[in-house]
Each structure stands twice: as C-alpha cells, then as structure tokens.
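Please read the following account alongside the sequence and the coordinates, moving from a single charged pair to the packing of the interior and then to the surface.

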Amino acid sequence: MKKKELHIQIGYNAVMILAAAFTILPFVLLFIASITDNDTIAVNGYSFFPSKLSLAAYAYIWSERAQIFRAYFITIVVTAIGTTVSLFITLAFAFTLSKPHFPGKRFLSFYLLFTMLFNGGLVPTYTMYTRYLHIKNTIWALIIPSLLMSAMNVILVRSYIQNNIPLALTEAAYIDGASEYRIFSTIAVPLSKPIIVTIGMFIGVGYWNDWTNGLYYVTDNSLYSIQQLLNNMLKNIEFLSTSAAASMSSNSVSIPQSTVRMAIAVVGILPILVIYPYVQKYFVKGISLGAVKG
C-alpha cells in the first residue's frame, strides 16, 4: 500500500472510531448513571467516574418487579405480534408491486405514495380507533395503530425483489403451475432474507420503542409497555414515590429518583443491544442491496 493510501486509510479508521465512540459513550454513561448513588448524581451530576456507586436503582426495580416485568411482558408480546403481522403485510405489498404487469399496480403505487405524504390527522385517527374499532384499553391499541406498514419499508423490499430475484425464476415457476402464494412463500421470501431481517429490525425497534400509542389509547396500567412506563416515570416521578411509599411503608425506603430512570432505560434497551449483533450482517446487506440498487 502506498504511503498516501495508508494515510487516507488511517484517517478513515480514525473517523469511524470517533463515530463509534460517540455512538457507544451515551450507552456507557446511561449504565454508569444507573449504578451511581442517587445523592452523588444530585450533587455532582452525571459522570463517567462517579465518586460513589450504588445498586439501589436495580434494587428498587426488583422490589417493583410485578409492575416492571408485566410491562416488559406486554412489550415483548406487542413487538412479536406487531412485527410479524406488519412484516407480512409489507412483504406481500412489496411482492405485488414488484410484478411488472400486475393489474391495478398504478393505483397501488399511487396509494402507497399518497399515504406516505398525507394522513388523516390525530383527531380523526383517535376517533376511528376508539369509537369504531373500540381498541382503547386493549392490547390491540399498542399493535393496530402501528400495524399499517411504512411506505419506505415497502419501497426497500420492492427494490430488493426487483433487483435480486430474477424474473425468469418466477416465470419458470408459473410454467410449472405454481400459484402466486407458492411463489411468494417458496421463492420470494427465502431469497429475501437480508431485506426481511433489515425491515424486521426496523419494525421491531419501532414497536419496542413506541410509547405514543399507549399515551393515546391506554389508561389501564396493567397494559403499560416498558416505554410507556418509563415515560410516565419521567413525567411524574412523584407518582412512583407515592406508590413505593404505599408498597414499602414498613421499610421507609426512599426511591433513587434519578438513577431508577436510568436503570429502567437500561432494562428497556437491553434486548435490542443483545439481538442486534446477531442480525447485523443481514441488516447491512439488506440496506445496501435494497436501497443502493433500487
């Protein structure tokens, strides 16, 4: 390698290392804050090197495990169901649009573009879901409003199918008597694994991090997701203080208000951090093939 190329490569590596550090450091600070003594944070603020550590926040989470773990369970169920159904709708829509001579393709493309740019607004949407679909204070309130696929996800999957699944392959399947459903399930889906994992990650993270649906449609605390619970704690920490005082009145224990919020955030993002390394190779490949070629 020439000296000039070596310097350029070193510069690229330095920039990427710096970018990675700026990405990782907030998570490191979040975790350190969750194990810092609450009084230390109140006096000195957040620091990578706190003078005193404490696991009081995680002890509080464990003492309130019924509420925390129920919210965790609700989030897992909602994410699993929502991601599966939404991914199927996205794949089916994209597969249809990838057909060069599908009847009504022009209308479906216009519909996709129109809904990408416009929506009915919050008030009509809220009225439809609560008055006509009656999903308020049900688990469907956390699934259905986000179920309608993202137009960008459909475009990515359509571009991937058009550029990576030969038309001759599907035509040969037609000649052999395969139905559309069989071509979709045995050819399109298996050959689209990278983009499926990529879009599945998009949808799953969206469901996992969603709290607005719960804010609009859920008032029953037994249906709170982990993100909604975290949002409520950020907005009204006094409520948790009252709840903790009522549930632990015999021990007179104060809640580590600042650190418990950080600990809940760690609990909320932990599954995403664990899953992502296993799907990273598909994630990167799906993005490059679905977007660049399209």
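In this predicted model, the count of salt bridges comes to one. That salt bridge is formed by glutamate 180 with lysine 99, whose closest N and O atoms are 3.6 Å apart. The two partners lie in distant parts of the chain, 81 residues apart, with glutamate 180 belonging to helix 9 and lysine 99 to the loop between helix 4 and helix 5 (105-117). Their surroundings can be described by accessibility: glutamate 180 has a relative accessible area of 39% and is therefore partly exposed, since it falls between the 20% and 50% limits, whereas lysine 99, at 12%, counts as buried because its value is under 20%.

From helix 9 (180-191) the chain passes to helix 10 (193-209) through a loop in which serine 192 has its place. With a relative accessible area of 2%, serine 192 is buried, and, if neighbours within four places in sequence are left aside, serine 192 is in contact with Tyr160, Ile161 and Ile165. Helix 10 itself has 17 residues, which at 1.5 Å a residue should span 24 Å, and its end C-alpha atoms are indeed 24 Å apart, so the expected and the modelled spans agree. Many positions of helix 10 are listed as buried, among them Pro194, Ile195, Thr198, Ile199, Gly200, Tyr207 and Trp208.

Two of these residues lead into the interior. The largest nonpolar core has 37 residues, and those with the most contacts inside it are Val157, Ile195 and Ile199. At least two residues of this core are supplied by each of helix 4 (65-97), helix 7 (151-164), helix 9 and helix 10, with helix 4 giving the most, namely eight residues. Valine 157 shows how such elements meet, for, not counting residues up to four places away in sequence, valine 157 touches Thr90, Leu91, Ala94, Ile195 and Ile199. A second, separate core has 20 residues, including Ala57, Ile226, Ala265 and Val267.

Nonpolar side chains are also found at the surface, where Phe110, Leu113, Phe114, Met116, Leu117, Phe118 and Met152 make a nonpolar patch of about 720 Å². Helix 5 gives the most to this patch, with five residues, while phenylalanine 118 is found in the loop between helix 5 and helix 6 (122-132).

Definitions and conventions. Residues numbered from 1 in each chain as written. Predicted model: local features only at pLDDT ≥ 70, side-chain atom pairs only at ≥ 80, totals over all residues. Heavy atoms only, no water. Helix = DSSP H or I, 4+ residues; strand = E, 2+ residues; numbered from the N terminus. Buried < 20%, exposed > 50% of the residue type's maximum accessible area, 1.4 Å probe, protein only. Contact = heavy atoms within 4.5 Å. Core = buried A, V, L, I, M, F, W, Y, C linked by side-chain atoms within 4.5 Å. Expected span 1.5 Å × (residues − 1). Salt bridge = Lys/Arg side-chain N within 4 Å of Asp/Glu carboxyl O. Patch = residues over 30% accessible without salt bridge, like charges linked within 9 Å, V, L, I, M, F, W, Y side chains within 5 Å. Areas by Shrake-Rupley, 256 points an atom, 1.4 Å probe, with all protein chains shown as cover.
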